[in-house]
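Visitor: I'm new to this structure and would love a close look at one part of it. Could you pick a helix and show me what surrounds it, then follow the trail outward?

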Amino acid sequence: MTVINKLFINQFRNLNNQLIKPGKNINLFIADNAQGKTNLIEAIYYLGHNRSFKTKIIKELINIDNDNFQLNAITDTHKIKLEKYRKKTIININQQRLKNTSELAQILPIQIITPDKGFIVNGTPKNKRSYLDWGVFHVKPTISSYFKNYNKTLKNINLLLLSNKVQELNFWFLEIAKISAKINQARVDYTNQLKKIHSNEILPLLSELFNSVKIFDYQLKSGWPKEVNASDYQSIYQYLTQNKTFLLKTKYLNYGPHKANIKFFLNSKEEFFLSRGQQKTLSIVFWLTQILILVKSGTNPIVLIDDISSELDEKKIKIILHYLNTLNVQIFMTNINPNLPLNKDGNTNIFHINKGVITPL
Ligand SMILES: Nc1ncnc2c1ncn2[C@@H]1O[C@H](COP(=O)(O)OP(=O)(O)OP(=O)(O)O)[C@@H](O)[C@H]1O
Ligand SMILES: [Mg+2]
């Protein structure tokens with residue numbers, strides 16, 4: 001179980017010199033608008049990802065009167081120190097300089113539930129891939145080098161297509177075919193794992209949330225045309241070589257894992273027919289399924305939920321918090337309203353945020 005025992009935030013947006021000692025279960029942060037709730041969630045997310053879910057621009061994250069920010073966390077096993085300047089990042093884990101940030105995600109696995117990142121059900125394909133690959137990475141960390149190589153290879157191919165360098169294409173087609181097949185197989189395995197857990201353990205939760213038995217299903221689309229067997233590199237390679245002339249005309253590769261998608265269904269109805277409330281609830285059910293897979297593998301990620309009551313009604317909050325309590329994960333959540341239906345069965349630590357100052361209640 002990953003637990004942050006101490007968290008220090010300095011010069012990150014409106015949070016200056018804030019040290020908190022969170023509890024092992026639910027940590028609830030209550031504040032009015034514009035006090036620092038989302039900033040706190042963003043800071044914790046940043047520590048686990050070395051990036052924000054809100055912006056790519058570092059300047060926006062650094063406190064307006066300063067030129068750097070620092071985030072430190074002490075977990076049960078690691079001391080994490082992240083320092084960021086506009087053009088420089090220093091990350092130390094147990095006093096050792098960290099080179100590969102994908103290691104950070106393993107040390108501090110974080111699942112986030114927030115409208116700022118967008119809901120997965122009826123979300124954009126990019127957002128869907130981001131949640132999917134987060135899960136794939138955590139069950140199979142070796143996949144991260146395939147993702148990196150994939151992006152490089154894709155860039156190469158697009159350059160060759162643009163500059164009409166026909167001779168070199170076959171070599172890179174074979175390369176991308178091999179990487180694509182690995183990525184697709186990892187995504188298929190992961191989706192099958194999700195479905196299995198879903199039908200065994202998430203179904204009761206789903207019927208509680210919807211007051212009736214519903215079938216929530218999802219389908220992975222590989223990003224390749226139907227005739228391609230996306231887990232077989234020879235099939236991909238054959239498709240690419242046979243369509244070379246066409247690709248040279250379009251000048252870029254519009255197929256592959258970077259175009260993958262997941263389609264969601266509730267009782268066979270496609271996601272875009274569902275109500276906004278149904279989409280939200282199903283997104284949360286999907287995220288809970290992802291958390292459950294990790295819990296089963298012994299990882300227990302930290303769960304961040306921003307503005308919980310703007311997303312869910314009281315009854316649903318109760319069901320979800322009760323469920324999270326049974327999973328044994330550390331939760332950081334924020335809310336405007338102090339009257340949340342908290343369960344008596346979990347340990348809850350409540351904090352207030354006032355103009356960027358966090359105080360335990
Ligand atoms: N780089 C920065 N430097 C200083 N202050 C900042 C910076 N970026 C954002 N802020 C301020 O931080 C404050 C808190 O923002 P935050 O988004 O955390 O509010 P919130 O509590 O989540 O509010 P809401 O309930 O409206 O979602 C805002 O007033 C914002 O202007
Ligand atoms: Mg907010």
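Guide: Let's start with helix 9, which lies across strand 8 and strand 12 (302-305) and runs at about 170° to strand 8. This is a predicted model, in which local features need pLDDT of at least 70 and side-chain atom pairs count only at pLDDT 80 or more, while totals for chains, interfaces and linings use all residues. Residues are numbered from 1 along each chain as its sequence is written, and chains are lettered from A and ligands numbered from 1 in the order in which they are written.

A few words on terms will help. Helices (H or I, at least four residues) and strands (E, at least two) are DSSP runs, numbered from the N terminus. Axes are lines fitted to C-alpha atoms, for helices over the stretch in contact, with angles from 0 to 180 degrees between N-to-C directions.

Helix 9 covers residues 276-296, and its axis comes within 10 Å of the axis of helix 6 (residues 166-210), crossing at roughly 130°. The two helices are therefore oblique to each other (angles under 35 degrees count as roughly parallel, over 145 as roughly antiparallel, 65 to 115 as roughly perpendicular and the rest as oblique). Their crossing is right-handed; that is the word when the near helix is turned clockwise from the far one by less than a right angle, and left-handed when anticlockwise. On the helix 9 side, the contact is made by T281, V285, L288, T289, L292 and I293. Helix 6 contributes Q193, L194, I197, H198, E201, I202, L205, L206 and L209 (residues are in contact if their C-beta atoms, placed from the backbone, lie within 7 Å). Sorted by class, this contact has 10 nonpolar, 4 polar and 1 charged residues (Ala, Val, Leu, Ile, Met, Phe, Trp, Tyr, Cys and Pro are nonpolar, Asp, Glu, Lys and Arg charged, and the others, Gly among them, polar).

Now follow helix 6 to another partner, helix 7 (residues 233-242). Their axes come within 8 Å and cross at roughly 145°, and helix 6 passes helix 7 in a right-handed crossing. Here N170, F173, L174, A177, K178, S180 and A181 of helix 6 meet Y233, I236, Y237, L240 and T241 of helix 7. That contact counts 8 nonpolar, 3 polar and 1 charged residues.

Helix 6 also packs with helix 5 (residues 143-162), at an angle of about 150° and with the axes 9 Å apart. This time the crossing is left-handed. Helix 5 brings residues including Y146, F147, Y150 and L154, while those from helix 6 include L169, W172, I176 and I179. By class, the helix 5 and helix 6 contact holds 13 nonpolar, 4 polar and 3 charged residues.

Back to the strands beneath our starting point. Strand 8 belongs to an open sheet of 6 strands in the order 8-12-13-3-14-15, with mixed pairing (two strands pair if DSSP finds at least two bridges between them). Strand 8 (110-113) and strand 15 stand at the edges, each with a single partner strand, so one side of each has no neighbour in the sheet. Neighbouring strands in this sheet are turned by 20° against each other on average, direction ignored.

At the strand 15 edge, strand 14 (residues 348-354) and strand 15 (residues 357-360) pair in the antiparallel sense over 4 bridges. H352 has T359 of strand 15 as its bridge partner, and F351 has P360. Their hairpin has 2 residues between the strands, and K355 there takes a positive phi near 45°.

For comparison, have a look at the other sheet. It is open too, with 6 strands in the order 2-1-4-5-6-7 and antiparallel pairing. Strand 1 and strand 4 are joined by 6 bridges, and L7 stands opposite A73 in strand 4. A73 also has I80 of strand 5 as a bridge partner. Helix 1 (residues 37-49) lies across strand 1 (4-10), strand 4 and strand 5, at about 75° to strand 4.

Helix 1 leads to our last stop, ligand 1: with 3 residues, this helix gives the most to the ligand's shell. In total 15 residues surround ligand 1, the closest being N14, N33, K37, T38 and N39 (a residue is near if its C-beta atom, placed from the backbone, lies within 6 Å). The shell divides into 5 nonpolar, 7 polar and 3 charged residues.

Notes
Contact = placed C-beta atoms within 7 Å.
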